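Some labels used for a structural model rest on a value and a cut-off. The questions below ask for both.

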Amino acid sequence: MTSPPSTPPPPGAPRIPRRLTAPEPGWTSSADVIVVGSGIAGLTCALALRVHVDKVLLVTKTVLDEGSTAWAQGGIAAALDPEDSPEEHLLDTLVAGVGLCDEEAVRILVTEGPRRVRELVELGAMFDRDAGGDIKLTREGGHHRDRIAHAGGDSTGKEISRALIEALHAVLHDPGIEVIEHALVVDLLSGPAGRVCGVTLHVLGEGQIDGVGAAHARAVVLATGGLGQIYTSTTNPPVATGDGMAVALRAGARITDLEFIQFHPTVLFLGEGSTGQQPLISEAVRGEGAVLVDRDGIRFMQGQHPLADLAPRDVVARAILRRMAETGTDHVFLDARHLGADFLAERFPSIVARCRELGFDPATDLLPVAPAQHYVGGGVETDHDGRTSLPGLYAAGEVACSGVHGANRLASNSLLEGLVFAHRIAEDITARILAGELPMPDGPCVRDDDDHQILDSRHRLALQRALTSGSGPIRSADSTADALAACAQLAALPVVESVGPRSWETTNLLHLGVVLSTVAGRREETRGGHVRSDFPDRDDAIWLRRQRSVRGADGVLQVSDLAVAPFGPELAAALAPTTPNR
Ligand SMILES: Cc1cc2nc3c(=O)[nH]c(=O)nc-3n(C[C@H](O)[C@H](O)[C@H](O)COP(=O)(O)OP(=O)(O)OC[C@H]3O[C@@H](n4cnc5c(N)ncnc54)[C@H](O)[C@@H]3O)c2cc1C
């Protein structure tokens, strides 16, 4: 059985407009390079660019440390131990990606990773150290070596973010870099031959730079993070509304592998009506001995996988969903009580503090947990230098699909991806500016035509619910078609709100919901992070392809397949035991 090579979505699927409804830009600004977003990818890229480029403009939707980076708990993976090697990290990453990684991109990640992490240390990031002064390394699911560097026990992202922001503050006197907070990028601007030459953005500022404006540049780097808010519950912060992917989609860039969403198995369950960002209980807690039990106190991971409670994330998430269905409940429990109050407080200070704030004490209470959206593996397709399919547009970090994750992300590889590829982008842009390949736009740099749309933010929950039940962790052809139909209904609703950040974000979620439901419907396999209830069996003939989505000139989404070469026998053997099909 094979899928057609290129297909439009089913009839009735909503078309994607060229831009969001927004006021005419009231001011203009310019820079050599605009970096959008201030997580690990955006901050790293801006800091590296300013060394050689005359003027960098860094814009971020709220404040500098708001984004997934500051929430990362577990750590950053890199082969720092002399016993370890990039080659072993490569193998673990390829295995986790279930055959769909871009091997060369992974090779870049694992080879350049250790140097980039050491540079982070030189910049001031304080990782936890052992008695001998070496960086302490721990292990997480899927890694066969201790290679996760962490900080503050479970506050790695906060420490990395602090170090990068401090480095930024140290250079803010430099006229070569400008930072604008509370600046939401609405859409991309295009010049002759479709070259991206700037952005429209909405700034909550003072004086001349306030309201919607236009900023022009030789190149734009999207570092806007993930899209977790597309579902009713996620570990991602409120800013994770997929804006960068949506602006790229509307401008005609290729969006790839969007169906590969990772659902974290152990997210604190705060009740049926609880929506938005939910507290993550890191798998390191299970690594230290906590176990999953059902409502009757029965351990259910034993016998499901040789690693039981420490099985790969997708295996644990599926087992929890199955047990929830069998017992008719909406959560299971994590039992960490036997680890003791002192150990828990020392090893997991942030997690314990957050649980206590919410009325749970991990030392004395069972913690209710359920799977929730955690990470998106797909995004704006990039090459090994972070270039997208649109000239002048780059993407780094979670917004990008660099090919390093394939169908499933290996734990703690995402901070590393943002770090490594942000540096590569800075190097590429610098070299191209020097070579005269990225001129300042001198022709018209415009936001295109009258093809625009907006969805009221009051419909956000309805959209999230439709996508959670239709294109969430358990999917089928029928459910993804229902999700697509819900998107179409919402897209047709009259607009009563005035446009603004909440409605722009909601419309971005709608446009990505169309792509997600379309490609999730075409992916007829249970591998990666999700279950296809109607296709539980393995079929390599239809699995080994990546799905590329592009907005056609008429606004209709076109999806095509990119064949992926199968692994050689050694890797194929390594893959087999870690990818149970159900
Ligand atoms: C709870 C949690 C725990 C995690 N733990 C780990 C871990 O232990 N190890 C690991 O490797 N990964 C972990 N991850 C994943 C990892 O944190 C993210 O993938 C990574 O930080 C993404 O970095 P980024 O720079 O791409 O995006 P982000 O850090 O999310 O930053 C995105 C930035 O873009 C800005 N932005 C968004 N839209 C716009 C717009 N329209 N205009 C202007 N600015 C915009 C945001 O405000 C933000 O500043 C975790 C994620 C979460 C949520």
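The turns below deal with a predicted model, taking the ligand site and then one serine.

Q: Why is S161 called buried?
A: Buried means under 20% relative accessible area. S161 has 4% relative accessibility, so S161 counts as buried.

Q: Which residues does S161 touch, leaving aside those up to four places away in sequence?
A: S161 touches D65, T69 and A70. Contact here means heavy atoms within 4.5 Å. S161 itself has its place in helix α4, residues 156-170.

Q: What makes the pair between S38 and the ligand a polar contact?
A: A polar contact is a pair of N or O atoms within 3.5 Å. A backbone N or O atom of S38 lies 3.0 Å from an oxygen atom of the ligand, so this pair meets the cut-off. A polar backbone atom of A41 is likewise 3.0 Å from a ligand oxygen atom. For Q73, a backbone N or O atom lies 3.4 Å from a nitrogen atom of the ligand, so this pair also falls within 3.5 Å.

Q: How much of the ligand's own accessible area does the protein cover?
A: The protein covers 97% of the 1000 Å² that the ligand has on its own.

Q: How many residues surround the ligand, and which are the closest?
A: The ligand is surrounded by 37 residues, and the closest are T69, G75, D243, E398 and S414.

Q: What makes up the shell around the ligand by class and by element?
A: By class, the shell has 19 polar, 13 nonpolar and 5 charged residues. At least two shell residues each come from α1 (40-49), β10 (183-190), β20 (367-376) and α10 (413-434).

Notes:
Residues are numbered from 1 along each chain as its sequence is written. This is a predicted model: local features need pLDDT of at least 70, side-chain atom pairs count only at pLDDT 80 or more; totals for chains, interfaces and linings use all residues. Side-chain values use heavy atoms; hydrogens and water are left out. A residue is near a molecule or strand if one of its heavy atoms lies within 4 Å of it. A polar contact is a pair of N or O atoms within 3.5 Å; within protein, one must be able to donate a hydrogen and the other to accept it, and residues adjacent in sequence count only if both atoms are side-chain atoms. Accessible areas come from the Shrake-Rupley method with a 1.4 Å probe; for residues, only the protein chains shown count as cover. Helices (H or I, at least four residues) and strands (E, at least two) are DSSP runs, numbered from the N terminus. Ala, Val, Leu, Ile, Met, Phe, Trp, Tyr, Cys and Pro count as nonpolar, Asp, Glu, Lys and Arg as charged, and the others, Gly among them, as polar. Buried means under 20% relative accessible area, exposed over 50%, partly exposed in between (1.4 Å probe, protein chains only).
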